[in-house]
Amino acid sequence: MAVPVSTPAERVRPVSPRHFVRLKLRVMGNNFRGQGWRIALFVVGVLVGLWFAAGGFLMFAAPGFADEPRYAVMAAAFGGGVLVLGWLLLPLVFFGVDETLDPARFALLPLSRRTLVTGLFAAALISVPVFAVLVAVAGLVVSAALLGGAVAGVVAAVGVVAGVLLCVAASRAVTSAFATMLRSRRVRDLAAVLLAVVAALLGPLQLVVLAAVRTADWDRLVGVARIVGWTPFGAPWTIGLDVAEGRAWAVPVKLLITAVTIGALLLWWSRSLESAMVGAASAAPTKTRQAPTGGAIAQLFPRAVGWARRDRFGALVARECRYWWRDARRRANLITIAVVGIFVPVMVNLGGAGFAVGQEGFESTGDPSPVLLSISMIFVGVLASVTLANQFGFDGSAYAANVVAGVPGRLELRARMTAFSVYVLPMLGLVSLIISGVLGRPEWFGVAAGALLASYGVGLAINGFISVLGAYSLPETSNPFAMNGGSGVAKSMLTLLSMVGSAAAAVPMVVAAGLLGDVWLWLALPVGAAYGVGAALLGAYLAGDVLDRRMPELLSTVTPRR
Amino acid sequence: MTGEHPALALRGLAKQFDGKVAVAGVDLAVPAGSFYGLLGPNGAGKTTTLSMAVGLLRPDHGNAWVLGHDVWGDPVEAKRLLGVMPDGVRLFDRLTGAELLAYHGLLRGMDPAVVDQRAAELLDVLALTDAGRTLVVDYSAGMKKKIGLACALLHGPRLLVLDEPFEAVDPVSAALIRDILHRYVVGGGTVVFSSHVMEVVERLCSHVAILADGTIKRVGTLAEVRGERSLEDVFVEVVGGRTATGEELAWLSR
């Protein structure tokens, strides 16, 4: 029997981060309920995480066992710095960020921004990657303890925890800010310009780093490591070693640097978080610019696919083309391909030159070879095609329209490949041009383009299958980097699997580049194009058959559970 | 009844989700030319039943026929005759209304000129022309229902299956949708729709089925099901509602 509560001042119990952590664990647990394969994938993910963690642990702990303080400093500063950088950039490029707890869900609750941010931050710490990193950097604690005794070990432990906090805060702040930026349709042009500038900066930066590596001796590198140790990238990781080397005064200063950085990142995050919460429902309504011209059909087809016939295939291509640009999630993927497509080959090929110099002394020319070029191009082609690994997940429940209309699977897959290629093929052409230009070997254009086309084509074929058989639902948030339900590791596994498969299928291009010599300069482009197109068509043919048989099942896997 | 086949026939449709029975064997025969209301409380299995009937969800048991064509055995012909507006399913909402209609029309294999003409007419009748280049994602709930209906009607189906067409729709739009559906049935089409709004069902339907806990509880013409009482009384009795005693929730009144 309920008693009417008449006291107006009910005691409100404070909400602590503990609640968020428990909520996250509960959501993760419920996701596994009755889904044996999810548990299996999760376990595999944990094992892979542990494998990398063990490797990292050995790397960080080795200088301690070897009693080499100089290497310890370098491992801590550079290794730790790479970790922070990785947490900063990888979510943008590859894996997305686990949004098991979608901030928008908390919009209506009477929570202060501070409570919300600390809570979500605490919940973000509950994840496999965080756990793996923690295991890896525990090596630093061992290292510091061996070099400087128990006190250094304890200090290092504090620093390591602070460092992991820094990593998580950085990844959250950056993805959230970037998501907000891309969501606003006004800013997308600005983003494109910004990314172009970043890409342009990579070249000079590359040369500077290369020059430094070439001329530097170990002392110089240790000096650089010490400087990095005073930046937020290295500060938390090096304090244990500072104690070991008798510089205890550095500890509070570096901890302060770390704390201030974490604070600033969380503040930044909370800013963009608020706009994500408020703006989710009414994300920048399109302005009614001008009255529509022409009939409905003319409006559907963008100018880039004006060549397409006005039939089912054409309609699918046109709609996909519109979506690759209008859907923030897909656009983020396109931008990623553009940036990585330029960045990685330049780095690999110029960096490869550096390696060659290092190994063979200074007399060898150290030029990148067609083989190396082909390998880096295959990476780009595979990366571009893997974007389609969950192409039906992008559609979500809207895919029902195609099921109701009974679109044949082969037609569906071919149209999706075509529409994506409308964006990607020009990009790939540009990449080939730029890379052969940067290398100063215009005659290698064919080799680059051929490898790109071949790997992109086989990638399309393999991802045709993956997208039909391994589809998963994406959360219906406006954050293009959001992943669903704590199984991000498993999803990345599938992506990696598809990338490895596609790369393996494109290996003949590398072999040919190595064996055929100058003939290949002419043959690479036609052979690569034929190989790629053939593979893609075959993939669509075979995977389309599978799709025909499991359209309703596919629809239910890509429909977000509510 | 016109023709030898019912517009929609369901036999023994059943579906479980993770061991929980959602629909436990539904049989239904929707006569051609009827206006059929599928009534049921939330969670009764209306959406699941209709999804299985139109080929969006594979049933564990049973089958469905659209004008004699097996939905799961001969989907191409069945889907050609069928127009569907699912509920809780997004449209391709990053297109404008006109683009969406063009997409649906071409996807149905229609002639481009016919698509253009019908799309313009539908947008005009449904008062969506003013939306211009607004994306469907930025439409209001009522506008989304209307464009969804337009997509289902565009290819001139013989059977229209609508899941909750009047949910979250303002009275003006609801009246418009009612008019269009009425005209469609008078013109020889068949409409099956789910709802839990009694007034609408009583006003529109020739036939009614009441679905609860995954089975059909009552079925027949509106007069047969209703008898002497109001449809709402019959519904509450069949579904087994519970009336508040006034004791609980006392804290709501201060």
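How many of the 562 residues of chain A count as buried? The figure is 50%. Please keep in mind that I am talking about a predicted model.

Let me stay with chain A for a moment. Its secondary structure comes to 21 helices and 2 strands. If we take the contacts in chain A between residues at least 6 apart in sequence, 81% of them join residues at least 24 apart. One example of sequence distance against spatial distance is the pair A:S473 and A:D395, which are 78 residues apart in sequence, with C-alpha atoms 9.0 Å apart in space. A:S473 sits in the loop between α17 (445–469) and β2 (482–483) of chain A. Is A:S473 buried or exposed? Its relative accessibility is 13%, so A:S473 counts as buried, the cut-off being under 20%.

Now to the interface. The size of an interface is often given as the accessible area lost when the parts come together. For chain A and chain B, the buried area is about 4000 Å², and 60% of it is on carbon and sulfur atoms. Chain A brings 50 residues to the contact, and chain B brings 39 residues.

As for specific pairs, there are 3 salt bridges between chain A and chain B. In one that I can name, B:E99 is paired with A:R322, and the closest N and O atoms are 3.6 Å apart. There are also 14 residue pairs in polar contact across the interface, counting pairs with both residues at pLDDT 80 or more. Which elements of chain A supply at least two residues each to the side that touches chain B? They are α10 (296–300), α11 (312–326), α14 (391–395), α15 (400–405) and α21 (551–558). The largest share, 7 residues, comes from α11(A). By type, the residues on this side of chain A divide into 26 nonpolar, 16 charged and 8 polar.

Next, chain B, starting with helix α5, residues 141–153. This helix has 13 residues and spans 19 Å from first C-alpha to last, close to the expected 18 Å. Why is α5(B) described as largely enclosed by the rest of the structure? Because 10 of its 13 residues are buried. Among them are B:G142, B:K145, B:K146, B:I147 and B:L153. The buried residues of α5(B) pack against two strands of chain B, β6 (82–85) and β7 (159–163), and also against the helices α3 (97–107), α4 (112–125) and α6 (171–186).

A single residue elsewhere in chain B is B:T49, in helix α1, residues 46–54. B:T49 is buried, at 2% relative accessible area. Leaving out residues up to four places away in sequence, B:T49 touches B:L10, B:L13, B:V23, B:V26 and B:L211.

I will finish with two backbone angles. Most residues other than glycine have a negative phi. B:A127 has a positive phi, near 55 degrees, and B:E164 has a positive phi too, near 50 degrees. Where do these residues lie? B:A127 is in the loop between α4 and α5 of chain B, while B:E164 is in the loop between β7 and α6. In accessibility, B:A127 is exposed, with a relative accessible area of 54%, whereas B:E164 is buried, with a relative accessible area of 7%.

Methods: Residues numbered from 1 in each chain as written. Chains lettered and ligands numbered in written order. Predicted model: local features only at pLDDT ≥ 70, side-chain atom pairs only at ≥ 80, totals over all residues. Heavy atoms only, no water. Contact = heavy atoms within 4.5 Å. Buried area = accessible area lost by both parts, 1.4 Å probe. Salt bridge = Lys/Arg side-chain N within 4 Å of Asp/Glu carboxyl O. Polar contact = N/O pair within 3.5 Å; in protein donor to acceptor, adjacent residues only side chain to side chain. Helix = DSSP H or I, 4+ residues; strand = E, 2+ residues; numbered from the N terminus. Nonpolar A, V, L, I, M, F, W, Y, C, P; charged D, E, K, R; others polar. Buried < 20%, exposed > 50% of the residue type's maximum accessible area, 1.4 Å probe, protein only. Expected span 1.5 Å × (residues − 1).
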